[in-house]
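Reader: I am new to this structure and would like to learn how to read its helices and its empty spaces. Could you take me through them step by step?

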Amino acid sequence: MSATVSFKVASAQGEQNVTLSYTRQGSGEPLLLLHGIGHHRQVWDPVIPALAAERDVIAVDLPGCGESPALPDGMAHDLPTMNTVLAALCEALEIERPHVAGNSLGGLLALDLARAQLVRSVTALSPAGFWNEVERRYAFTVLMTMRQIAQRMPLPLVERLARPAIGRTLLTSTIYARPGRRSPEAVIAETLALARSQGFSETLRSGRSVQFTDDIVGTPVTVAWGNRDRLLIPRQGVRAKSVIPRARLVRLPGCGHVPMNDDPALVARVVLDGSR
């Protein structure tokens with residue numbers, strides 16, 4: 001069952017009230033799950049049962065995504081602000097230095113939290129920030145196109161397309177290697193989440209100058225990449241390994257950019273192993 005939490009965050013305009021939606025289940029050491037741009041926390045649903053058997057799992061809707069409202073006026077949807085918000089979230093939920101797993105934008109946020117030494121470990125699945133300029137422009141163009149399509153499609157058409165496997169492939173093959181495995185209900189929900197994401201445009205704009213170039217020392221890091229990632233191509237994983245030499249680089253055979261649904265058992269195992 002989802003819950004919300006509100007807390008104060010310092011900003012240039014003074015303290016602002018931020019509200020985030022999340023789910024929490026399981027027991028053990030805390031594990032915070034962060035999704036990608038324009039997505040929502042339900043993208044982690046395929047792996048949460050396995051993770052919750054060994055961890056206290058908190059899956060959060062990032063600001064302006066899913067059920068979480070956008071940040072207040074005057075607070076940017078950029079990397080420093082997002083991680084200030086996530087640090088405040090952990091304090092509000094009384095989570096001390098959680099393990100963090102993130103996908104895409106969520107992977108970048110997780111690595112930035114580790115750079116600030118705020119987490120116990122990081123598992124980054126196809127994290128943003130290891131692109132060259134051509135690859136970044138390609139990824140941003142694809143994301144903007146996906147967003148425009150999602151916004152223009154009426155709900156009855158989305159529902160009709162999501163019923164057969166071929167329709168789910170048309171809607172989600174950019175991010176899933178095995179889109180037919182995604183349920184119609186899940187495809188409808190994430191298409192609506194993309195169309196309605198209040199923080200999408202500003203988050204994308206703020207990412208134009210983002211490049212992750214710092215080594216992470218003292219925090220275990222796992223970087224995992226699907227070999228069928230069509231959005232952030234797999235060679236970016238090699239770059240991540242060169243930037244963070246102590247990181248464990250894991251290949252995810254048969255997985256796309258969002259691997260949690262393509263191979264839930266493999267992804268759960270990688271996250272659990274990375275959060276020992």
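Author: The chain has ten helices and eight strands, where helices (H or I, at least four residues) and strands (E, at least two) are DSSP runs numbered from the N terminus. The radius of gyration of the chain, taken over C-alpha atoms, is 17 Å, close to the 19 Å that the globule rule gives for 276 residues, so the chain is as compact as a globular protein of that length; the rule itself is 2.2 Å times the number of residues to the power 0.38. This is a predicted model, in which local features need pLDDT of at least 70 and side-chain atom pairs count only at pLDDT 80 or more, while totals for chains, interfaces and linings use all residues. Residues are numbered from 1 along each chain as its sequence is written, and side-chain values use heavy atoms, with hydrogens and water left out.

Reader: Which residues of helix H6 are buried?

Author: An α-helix has 3.6 residues a turn, so residues three or four places apart point the same way. In H6, residues 165-172, the buried ones (under 20% relative accessible area with a 1.4 Å probe, protein chains only; exposed is over 50%, partly exposed in between) are Gly167, Arg168, Leu171 and Thr172. Seen down the axis of H6, these buried residues fall within an arc of 110°, so they line one face of the helix; the arc is that of the directions from the helix axis to the C-beta atoms. On the other side of H6, Ile166 and Leu170 are exposed.

Reader: What volume does the largest pocket have, and which element gives the most to its lining?

Author: Rolling a probe the size of a water molecule over the atoms shows where empty space is left. On a 1 Å grid over the protein atoms alone, a cavity is a set of points where a 1.4 Å probe fits but cannot get out, and a pocket is an open set with protein on both sides within 12 Å along at least five of seven lines; lining residues have an atom within 4 Å of a point. Grid points are joined across faces, edges and corners, and a volume is the space filled by probe spheres set on the points. The largest pocket has a volume of about 420 Å³, and among the 24 residues that line it, Met146, Leu171, Thr172, Ile175 and Leu194 are the closest to its centre. H4 gives the most to this lining, with six residues.

Reader: How many cavities of 30 Å³ or more are there?

Author: A search of the whole structure finds one, with a volume of about 240 Å³.
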